[in-house]
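Q: I should like a close look at a single part of this chain, followed by an account of how the surrounding structure is arranged.

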Amino acid sequence: MSQGVQLYVEDSHVIMDNGILQVTLSNPDGIVTGVKYNGIDNLLEVLDEEVNRGFWDLVWSEAGSTGTTGTFDVIKGTSFEVVVESEEQVEISFTRLWDPSLQGKLASLNIDKRFIMLRNSPGFYSYAIYDHLREWPPFNLPQTRIVFKLRKDMFHYMAVADNRQRYMPLPDDRLPERGEALATPEAVLLVNPVEPEFKGEVDDKYQYSCEDKDLRVHGWISTDPLVGFWQITPSDEFRSGGPVKQNLTSHVGPYNLAMFLSAHYGGEDFVLKLKPDEPWKKVFGPTFIYLNSASDGKDRLWLWEDAKNQMRIEVENWPYDFPASEDFQSSDQRGTVSGRLQIQDRYLSDECISANCAHVGLAPPGDIGSWQTECKGYQFWTRTDTNGYFCINNIQSGDYNLNAWVPGVVGDYQYNVVITITAGCDIDVGDLVFEPPRDGPTLWEIGIPDRSAAEFYIPDPNPKYRQYGLWERYANLYPDGDLVYTVDVSDYRKDWFFAHVTRKINDDTYQATTWQIKFKLHQVDTTGVYKLRLALATAHVSELQVRVNNPEADPPIFSTGVIGHDNTIARHGIHGLYRLYNVGVAGNLLVDDGDNTIFLTQTQSTGPLQGIMYDYIRFEGPPSSSNSIKEIHI
């Protein structure tokens, strides 16, 4: 019979042991100081101080402050409690309580960190309950996460996805004597790495970012002995920002992260900001730290395949039935919502079209599209089938809006009824009809409305740099003038650069860039209003101005104003926050049976990393136009 779970409580440490692994935590801090497994005394970095090995942390700032930075805080408990102790399961708690004497020193939160070990389980779970009382002072919370730092003498191979895994440089290679700082602090050119094979590479943790919907398992492999250390997140419900929010994964250290709340790829819009007299409570996790090993005869990738298989088991078992906190809702406390989503666009079809592979999700009530920056509550998402049917299971009790967006369709959908989830409910919302933004027939379009710039021209990167520095290629491709795109002639896959960036003049000087879209129109309705739909995939400290047939027009016919702190270009992303602008163009500005030009100017030019990425651009005729006008699909 297998060994039951044992708990050993000492003055300064607590040990959980199930015969497969042994996890040591500091008492009462609740820092993971040791993970003993497969005959190895500690998988965590023994050369580092105990407090830097396995920990929960957060970044907080005073209410009213701006930006995404603040005070960094490794969360240390002040009291320890055994919650469950049996041969089947041990759950332990490390709490830190707030009181007014701590104002200005710590975020006004009660934090309860939990760790669970089960019998026969090759790993351990962790979750935490954050609780802010109504009468406490408000604050901002830009980030919270779990961090593990592994042994650099063992873990050299990192895996984030089937197509994103490799041997990694050492942390030493990023030090000033071995590396050269680049445009951002996170990016380092490896000049004299310990292993010569990495010479000339750029290392940057953002090269391994991942959308939450795909961020289920990632970690590190030691090849001698063959051991894997994996972080499995079976649900997105407690992460901020919805299914396509991007987060860090693992990176040189070797670090392994579980990101719950971060401002990456969205900036201050992702910062959780509590208001005066606003209570807030949230459960982050549980996540599962999974360990595996293999005999010498097996390939290291067997460990990755095994970790993916374990991930599928964890996802199937969600929500877990073993966490002891009453704040974590079990499956019988949750509900289900189902229905069908259809699209009604009279310029595409006289009848409704099924919303195929649409993202449908429940998020706390808010404005249309607010789910993508929502970070206080929980979100629950799924995809529709080919006929538009969907079913969302295991939704926590509470009030929600139902939101959706459809690849290939511009805009956001929101059901106009607040949905209240109660224990065991099964709600069928029936047929929902999304009428996407549309005034008239499509005269031309550029790109695919999928909230990403991936379909546009992305230069082949330097293999050693990977995505780093692609923004600099714009000036090489367009040395004598900015991008000009001609409808019916140009191909957006080859002729539309993925990012509308600044132009470098010299080492410290950049200038604004103006892109042109040239097109012909026949039978212009000079009294009508045409519509230019500009869907942006991301923006960073940018202003987009629109002019029609007069590049000097002042003011322009439209300006976004200065928008965005997504930092997507610097962080090698292909999208950040989605923004849609609908610009009316008076027919009397257009030329009949002649050449027309739309000028798109990104005016902000203080550095190389400002700019926008377009998702999709569409030019529509006036509403009064005949439906028989031919639609052009580029």
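In which loop, between which two elements, is Arg451 found? Please begin there and then extend the description to the rest of the model.

A: In this predicted model, Arg451 is found in the loop between β34 (442-447) and α2 (473-477). Its relative accessible area is 8%, so Arg451 is buried. The backbone of Arg451 has phi near 70°, a positive value in a residue other than glycine. As background, most residues other than glycine have a negative phi.

The surroundings of Arg451 can be followed through Ala537. The two C-alpha atoms, of Ala537 and Arg451, are separated by 5.1 Å, although these positions lie 86 residues apart along the chain. Ala537 belongs to strand β40 (residues 529-548), and its relative accessibility of 1% is the reason why Ala537 counts as buried. Leaving aside neighbours within four places in sequence, Ala537 is in contact with Arg451, Ser452 and Ala453, with Ile574, His575, Gly576 and Leu577, and with Met613, Tyr614 and Asp615. One of these contacts, Met613, is included in a nonpolar core of 52 residues, together with Val202, Leu470 and Val585.

A second residue with positive phi is Cys357, where the value is near 60°. Cys357 is found in the loop between β26 (353-354) and β27 (359-363). Whereas Arg451 is buried, Cys357 is partly exposed, because its relative accessible area is 36%.

The cysteines may be taken next. The count of disulfides comes to zero. For Cys210, the nearest cysteine sulfur is that of Cys357, 18 Å away; Cys210 counts as buried, at 9% relative accessibility. For Cys375, the nearest cysteine sulfur is that of Cys210, at 20 Å, and Cys375 is likewise buried, with a relative accessible area of 6%.

Two peptide bonds before proline also call for mention. The bond from Asn27 to Pro28 is cis, with omega near 10°, and Pro28 has its place in the loop between β3 (21-26) and β4 (32-37). Asp224 and Pro225 are also joined by a cis peptide bond, with omega about 0°; Pro225 lies in the loop between β18 and β19.

Those two strands, β18 (217-223) and β19 (226-232), reappear around helix α1, where the elements that cover its buried residues also include β10 (123-132), β12 (155-161), β13 (164-167) and β24 (280-293). The buried residues of α1 are Leu303, Trp304, Asp306, Ala307, Lys308, Gln310, Met311 and Glu314. The length of the helix can be checked: at 1.5 Å a residue, the 16 residues of α1 (residues 301-316) should span 22 Å, and the end C-alpha atoms are 23 Å apart, which agrees.

Strand β24 also contributes to the largest nonpolar core. That core has 103 residues, of which Leu43, Tyr130, Leu341 and Leu402 touch the most other members. The largest share, seven residues, comes from β24. Leu43, with neighbours within four places in sequence left aside, is in contact with Val35, Tyr37, Leu150, Arg151, Met154, Phe155, Val227, Phe229 and Leu291. The core of 52 residues that includes Met613 is separate from this one.

Aromatic rings supply a further set of relations, with a count of 43 aromatic pairs. In one of them, the ring centres of Tyr206 and Tyr265 are 6.3 Å apart and the planes stand at 80°, so the pair is edge-to-face. This pair links distant parts of the chain, 59 residues apart: Tyr206 is in the loop between β16 (202-203) and β17 (210-211), and Tyr265 in the loop between β22 (255-261) and β23 (272-273). Both Tyr206 and Tyr265 are buried. Another edge-to-face pair is formed by Tyr468 and Trp471, with 5.1 Å centre to centre and 75° between the planes. Tyr468 counts as buried at 8% relative accessibility, and Trp471 at 5%.

Charged side chains meet rings as well. The charged end of Lys245 sits over the ring of Phe270, 4.7 Å from its centre. Arg300 lies over the face of Tyr157, at 4.2 Å from the ring centre.

Note on methods
Residues numbered from 1 in each chain as written. Heavy atoms only, no water. Helix = DSSP H or I, 4+ residues; strand = E, 2+ residues; numbered from the N terminus. Buried < 20%, exposed > 50% of the residue type's maximum accessible area, 1.4 Å probe, protein only. Contact = heavy atoms within 4.5 Å. Phe/Tyr/Trp six-rings, centres within 6.5 Å; stacked < 30°, edge-to-face > 60°. Lys NZ or Arg CZ within 6 Å of the ring centre and 35° of its normal. Expected span 1.5 Å × (residues − 1). Core = buried A, V, L, I, M, F, W, Y, C linked by side-chain atoms within 4.5 Å. Disulfide = S-S within 2.5 Å.
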